[in-house]
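Take a walk through this structure with the sequence at hand. We start at one small spot, then move outward to the helices, the loops and the chains as wholes.

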Amino acid sequence: MATMVSSAGGLLAMLNESHPLLKLHALSNLNNLVDIFWPEISTSVPVIESLYEDEEFDQHQRQLAALVASKVFYYLGELNDSLSYALGAGSLFDVSEDSDYVHTLLAKAIDEYANLKSKAAESNNDATNVDPRLEAIVERMLNKCILDGKYQQAMGIAIECRRLDKLEEAITKSDNVHGTLSYCINVSHSFVNLREYRHEVLRLLVKVYQKLPSPDYLSICQCLMFLDEPEGVASILEKLLRSENKDDALLAFQIAFDLVENEHQAFLINVRDRLSTPKAQPSEPEQPRSSEADSAQNQSSAPDDAQMTDGSSVSNVNTRDADPSEVLYAERLTKIKGILSGETSIQLTLQFLYSHNKSDLLILKTIKQSVEMRNSVCHSATIYANAIMHAGTTVDTFLRENLDWLSRATNWAKFSATAGLGVIHRGHLQQGRSLMAPYLPQGGAGGGGSPYSEGGALYALGLIHANHGEGIKQFLRDSLRSTNVEVIQHGACLGLGLAALGTADEDIYDDIKSVLYTDSAVAGEGAGISMGLLMVGTASEKASEMLTYAHETQHEKIIRGLALGIALTVYGREEEADTLIEQMTRDQDPILRYGGMYALALAYSGTANNKAIRQLLHFAVSDVSDDVRRTAVLALGFVLYSEPEQTPRIVSLLSESYNPHVRYGAALAVGISCAGTGLSEAISLLEPLTSDVVDFVRQGALIAMAMVMVQISEASDSRVGTFRRQLEKIILDKHEDTMSKMGAILASGILDAGGRNVTIRLLSKTKHDKVTAVVGLAVFSQFWYWYPLIYFISLSFSPTAFIGLNYDLKVPRFEFLSHARPSLFEYPKPTMVPTTTSAVKLPTAVLSTSAKAKARAKKEAELKANAEKSSGAESSSSGANTGKGKSFTEKDGEAMQVDVPTEKKSEPEPSFEILTNPARVVPAQEKCIKFLEESRYVPVKLAPSGFVLLRDLRPTEPEVLSLTDTPSSTASTAGASAAGQQGSVSAMAVDEEPQPPQPFEFTS
Amino acid sequence: MDPKLTEVSQLFERFKAAFIRKDFNTCENFLSQLKVLLTGFRSLPPLFEDTPNAVHELTLARDIYEHAVVLSVKVEDQDAFERDFFQLKPYYTDARNRLPQSPQEYPILGLNLLRLLVQNRIAEFHTELELLSSTALENPCIKHAVELEQSFMEGAYNRVLSARQTVPHETYVYFMDLLAKTVRDEIAGCSEKAYDYLSISNARQMLLFTSDKELLNYIEEEHPEWEIKDGSVYFQKAKESAPCKEIPSLQLINQTLSYARELERIV
C-alpha cells in the first residue's frame, strides 16, 4: 500500500477520543500502517495496551488492539511481549499470513510451547499450565501444515512440542506413509535428545507401523530394538518364519542380520530365546523336550566346545515326523538362530576378509627393516601394526616368516605379541581355541610357557570371541580362577571382559571382583576395565562399589582401570548417568576425574548433547591435571561421532592450544569422530599436527589421521598419498623420536586395517550406536598408559562389504553395478619392492660403458617394434655382447611396460564397474551402488552394503556359489596371500628373470 | 449529492449554529457524531481514496476539525485541543496538494505553537517550527508565537506578559493567560535556585503578583515546600548533598579476579 500519510499522529490522537467507534476506526487503520509507523506508535503503546485491557470494549476491538500492540512490540524486538499480545489477538493472528512478523512470532510461539511442554514433561507434572491460547496457535499451525501437505514440518513441530497425537495424525495423513515414517525415525534419532522421550516417539511409530496394511517389518524391528522389546521382535520373526511364503522367511533373515549389525548382544540373546521351538507331535510329552533343550544349551556351553548354540539337534529330533509346515519352520528356525547368535555373519565376514585380503606385506617388511632391533617400543609397535593390518583375515604369514625376529619380544611385549594373534583371528570362533592352544596355560603349574604368552593368549581368546563369548566364557573363567600369576590374571580379565561384553553376568563379575580385591596393580587394572566391559551400559549399582574401591586402593593403575570401568557402565545412559558423572568429576583424585571424562563421553556417546559438550569444553580448559584435560578433549570425539562435520569446528581452537596434551586430545577427538569419513576439514586440521613440535602430539595426530583416512583412496583425496609417504619417511628416518615413530607404525597399520577391507564405524547403517565399536575405541584410547590396549581398536572395525545371501544363507554369484570410476574406490597400489629402484639405477651404469651400442640398439629396437618382430630375434642380435644385451633387453621390456599403462590411460576410464558378490564396497561408494534389473537375484532390502538377502527369481536353475570354503587351515594362508598379491607381483616377475648384472657395480 | 455527505453537511450546519450560540455542550455532542460519520468517508486520511466527492469531503472534514480545535480552546480543554489538532494536521500536510489552503490554517498552527509554549514543550515547539515554510513564518499569527518564544527564552518575561495585548486572534487570549502562569513557574524555579530566601515583598514583585495573598495562595498550591518565616520566603532547596559516587570496589575486584582466572584458562 502506498503511504499517503506522513504521520500516524492523527490516528494516535483519535485513539484518545471517547467514542468507541472512533477508537475502532483508529485501531484498524493503525493495524494497516503499523509496518511503517511503528516508531511513532511505539510511544503510544500504553494507550493501545489499555484499550486491550478495557473490559468494556467488545471482543473484536480488544483483539485488534492486542494485534497492533503485538506488532509494535515485534518491531521493537520485544518478542516475549509481542507473543503475549499476539496470543491475546486470538483469531486475528493469522498463521497463514506470509510476513516476517507472523513467521517470527510463530517460531517464537512454537519454541515457547515446546519449552513449556518439555519442562512439564521433565517435572512429571501432568497438569501442565500451558497457556491454552498458545496451545491453540501451535495447533492451528500444525493443522495448517498437515492441510498444506507439509508433513515433515508438522512432524518436526509435533516432536519438538511433544504432541504425539499430532505426530500420529501427520504421519497417517501423509501421502507417503513409509517415507514419512522413516523420516521420523531419522529425526527421532538425530534430534530427540532425551532418551525417555525418544522411546515414546518410537513406541508411537511402532504403533503406526503396525496399523499399516503392509507393515514394514524391517523398520518395526529396528524400532523395537531401540525400545529394547525382544518380545515384539520375536513374535514378528516367528510370524514371518511360519509363513508359507519363502520371501517372508528371507525377510526374517534380513531382519535378523540387521539386528545383528547393531551388536546388541543381550538383546539378540533375548530374541533368540523367545522364539518358540517348533511344535512337536501332541503325543510327545512336554518334559523331555525342555530337558533336551537344556542339554543342547549345556552342550553349547561345554568347556571343550567353542561353538555356539546350534539348535539343530533339538529341532531335528523333534520334527522327524511332524507335519511339513513344522519341519519348514524348524529348518528356518535353525538358520535364524544361527544368524541371531552372530555366528553366520561372523563366519561370512571372516570368509570375505580372508578371500579379499589385500594387505601389503612389503610395508611391514619396510617397517621391520627400518626399526632398530633394540628399540622395543617400535618392535612391538610393528607387531601391533601387523595385527591391525590383518585383523580378522586369519593371515599370519608375516609372523610365521619372522619367527626369529618375533622372539625378540620379551615380557609384556610377548604378551602383546601373543594377543596380536587374537586380533588376526578375530571371529574365528570355531578354531580359536585350537589356534591359541600352544600358548594357553596348561592345566596345573606344569605349563612351561611364560606367563606373558599365557596371559596374552587368554586376552587373544577374548579378542577372537569379542561380544560373542558364550562358548569361551567358561574356559576363561576357569583359567582366571586357577591362576594367581598377575600377568595371566590380567590377560584373563581382559579376555573375559571382552567375551562377556555387556552381559552383566553376576558370576563372572564376582570372579573378577575377587581378582580386584587381591590389590595387585597389574591384575587390578585389567579387572577394573573388565568389570566395566561386563557391565557396559547397565548403569548398575556395581559402579558405586567400584568407586569405593577406587578410593581405597593405593595403586594408580587400579584406580585408572576402575575409573574407565565405571565409565563403561554408564554407556549410552545419557541423563541417568548425571549423578555418577557429577560425583566423579568433582573428585579430588585426577584419575577419577579422568574417568569422569570417559563417563561423559560414553554416557552421551553419539548424542552431540550440548550440555555434555559444554561440560567437556569446560574441563578441557579448566582442570589442573593435564590428563583430565587431554581426556576431556578426546571425549568430545565420542560425543560428536554422530555428527562428524561438527568436530573439526569445535576442536579447532583447542588444536592450537599451548598445551600439548590438549592438542593431542584434539587430534584423537577428530580421529574418533571422523573415523573412516575422510572428511576434508578433519584432514586439514590434523595435517599441521602431524608435524607438531611435541613428539606425542605427532603420534596422536598420525594415528588420528590414519583413522580418518581408512579406506580413502588416493584418487578421492590426494592427501592420502602424501600421508602414506609421510609415514614412510618418519619410519625410515633414523633421528625421529620413538614416540612419533611408533605413531607412524601404528598409523600404517590402521590405514590398511583388516587387509584393507574394513573401516572404523561407530554407527550402524540404521544410525544405532555400535556398542562394541564405541567401547573398543574408548578402551583403545587408553593405550597412552598401556600399549596392549591398542588391540581394542579391532573391535571398532567393520567390514565394508556387500554380501548377498540366498535362502540357504549361501553366497551365490550375483553381479551389481558401482556407478563410479573404478579408480575412485580401488585398493591402494601395492608398494614397489626396493629392488626395482636399483634396476632403475642400471641405465646410468650402461651409459658410461657403451653409449654407442646403446644408440644402435635403440635404433634397432625401434625398427623391430615397427616390424613387430618376435623378441626371439632380438635376443639373438644381442647375443654378441651378453652383458650389455641383457641390460638392453631389460630396458626394452621396461619401456614396453611403461607403454602399456600409458595406453591404458589414454583410453577413458570406464564410468562404472561391475562388482561380484561378495564385494568390497567402501562407505563413500555406497551411494553409487546400483542393482541390475535383469539380474537373477533381487535384494530383499535395497541396501548398498552389509548382509543382504537375495530373492531368487529363477529358483529352478542351478545356483553358482562364489564363497564356499572357510579358511579352515592356516597353512594355506601363505599361498592365498601370495595369490592376493599376484597382480602386484606380476610387474616384478618380469624383472626377476634376468639376474641383476653384478659386474657393473665397479664403475660407481 | 451523496446522502452521507449531505447528512454531514447538515449536521455541521447545526453544529455551527450551536457554536455561534455558544452552546458548547450541544457542540461537543454534534462534534462527536460528526467525527464518527467522518470515519465513513474513504477519501479522508489516512486512506485518501480518490472518490468523486473527495475535494468536497476533505474540505468539509477540514472545516469540521478546524472548528473542533477552536471549540476546544473555547471550552479550555487542552487535551481535546491536542487531539483535534493532530487529527486536523494531515489535512494541512498530506492534503496540501488536493485542497486550496484554508484561511484558518495559520491561526491554528500559531495556536498550536502557543500551546506548546504554554506547556513548556520547547523541543516540540521547535520541531513544529522547522516543518513550516518560510511564507508561513511571515504570517503574523506564527510570528507572534515565535517572538513570544524568543522573549521567553531570553527571560524577558515582561515582554511576554505585555504581548497579551497584541494577540493576532481572539482565541489566543486563553493561551496567553496560561502563558502568564508558565512564566511565573519559570521565575519561581529560577529564584529557588538563585536565592536562599527572599522577603515577601520582593518575592511578590519577582513573581509578578499584585498582592501578598495571591503570592501565599500560589506558594501553598505550587510550592508547599517553601517556608514562610519572619516575613521572608525560604526556599528549601533540596539540599541533597550530592553523595560522591561510591567506587564499586568489590565488583571491580571480582571482575579483575575473574579476568585473571579466564586468562589462566586460555588455551
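**A guided walk**

Arg756(A) lies in helix H43 of chain A, which spans residues 753-756. This is a predicted model. The phi angle of Arg756(A) is near 65°, a positive value in a residue other than glycine. Is Arg756(A) buried or exposed? Its relative accessibility is 5%. Arg756(A) therefore counts as buried, since the cut-off is under 20%.

Ala608(A) also has a positive phi, about 55°, although it is not a glycine. Look for it in the loop between helix H34 (590-603) and helix H35 (610-622) of chain A. At 14% relative accessibility, Ala608(A) counts as buried.

Now turn to helix packing. Two packed helices are described by the angle between their axes and the distance between the axes. Take helix H40 (residues 695-709) and helix H42 (residues 738-751), both of chain A. They pack at an angle of about 5°, and their axes are 8 Å apart. That makes H40(A) roughly parallel to H42(A). Which residues of H40(A) meet H42(A)? Among them are Phe696(A), Leu702(A), Ile703(A) and Met707(A). On the H42(A) side, the residues include Met739(A), Leu746(A), Ile750(A) and Leu751(A). By class, this contact has 13 nonpolar, three polar and two charged residues.

Leu751(A) leads us to another helix. Ala385(A) and Leu751(A) are 366 residues apart in sequence, yet their C-alpha atoms are 9.6 Å apart in space. Ala385(A) sits in helix H21 (residues 376-389) of chain A. What does Ala385(A) touch, not counting residues up to four places away in sequence? The partners are Leu364(A), Ile745(A), Leu746(A) and Gly749(A). The relative accessible area of Ala385(A) is 0%, so this residue is buried.

Go back along chain A to helix H9 (residues 164-173). Which of its residues are buried? They are Leu164(A), Lys166(A), Leu167(A), Glu168(A), Ala170(A) and Ile171(A). A general point helps here. An α-helix has 3.6 residues a turn, so residues three or four places apart point the same way. The cover over the buried residues of H9(A) includes four helices of chain A: H7 (132-147), H8 (151-160), H10 (177-191) and H11 (195-211).

Look at one of these neighbours, H10(A). H9(A) and H10(A) pack at an angle of about 140°, with axes 8 Å apart. Leu167(A), Ile171(A) and Thr172(A) in H9(A) meet Val177(A), Leu181(A) and Cys184(A) in H10(A). By class, that contact has five nonpolar residues, one polar residue and no charged ones.

Next come some loops. Gln782(A) is found between helix H44 (771-780) and strand E2 (797-799) of chain A. Its relative accessible area is 1%, so Gln782(A) is buried. Where are its contacts, leaving aside neighbours within four places in sequence? Gln782(A) is in contact with Arg560(A), Leu564(A), Tyr594(A), Tyr598(A) and Leu789(A).

A little further on, an unreviewed UniProt entry lists residues 784-805 of chain A as "transmembrane region". In the model, this stretch is 0% helix and 36% strand. Its end C-alpha atoms are 42 Å apart.

Further along, a cis peptide bond joins Asn917(A) and Pro918(A), with omega about -10°. Pro918(A) lies in the loop between strand E6 (913-916) and E7 of chain A. The loop between strand E7 (919-920) and strand E8 (929-931) holds Cys928(A). Cys928(A) is buried, with a relative accessible area of 13%. Leaving aside neighbours within four places in sequence, it is in contact with Leu817(A), Ser818(A), His819(A), Ala820(A) and Phe825(A). Phe912(A) is 16 residues from Cys928(A) along the chain, and their C-alpha atoms are separated by 9.0 Å.

Finally, step back to the whole chains. How many helices and strands does chain A have? Chain A has 50 helices and eleven strands. Of its 1004 residues, 56% count as buried. Take the contacts in chain A with a separation of 6 or more: residues 24 or more positions apart account for 74% of them. The accessible surface of chain A is about 41900 Å², and 52% of it belongs to carbon and sulfur atoms.

Chain B has 13 helices and three strands. Buried residues make up 43% of its 267 residues. Chain B exposes about 14800 Å², with 53% supplied by carbon and sulfur atoms.

How values were computed:
Residues numbered from 1 in each chain as written. Chains lettered and ligands numbered in written order. Predicted model: local features only at pLDDT ≥ 70, side-chain atom pairs only at ≥ 80, totals over all residues. Heavy atoms only, no water. Axes fitted to C-alpha atoms, helices over the stretch in contact; angles between N-to-C directions. Helix = DSSP H or I, 4+ residues; strand = E, 2+ residues; numbered from the N terminus. Parallel < 35°, antiparallel > 145°, perpendicular 65-115°, else oblique. Contact = heavy atoms within 4.5 Å. Nonpolar A, V, L, I, M, F, W, Y, C, P; charged D, E, K, R; others polar. Buried < 20%, exposed > 50% of the residue type's maximum accessible area, 1.4 Å probe, protein only. Areas by Shrake-Rupley, 256 points an atom, 1.4 Å probe, with all protein chains shown as cover. UniProt positions renumbered as here; feature names shortened; annotations may be inferred.
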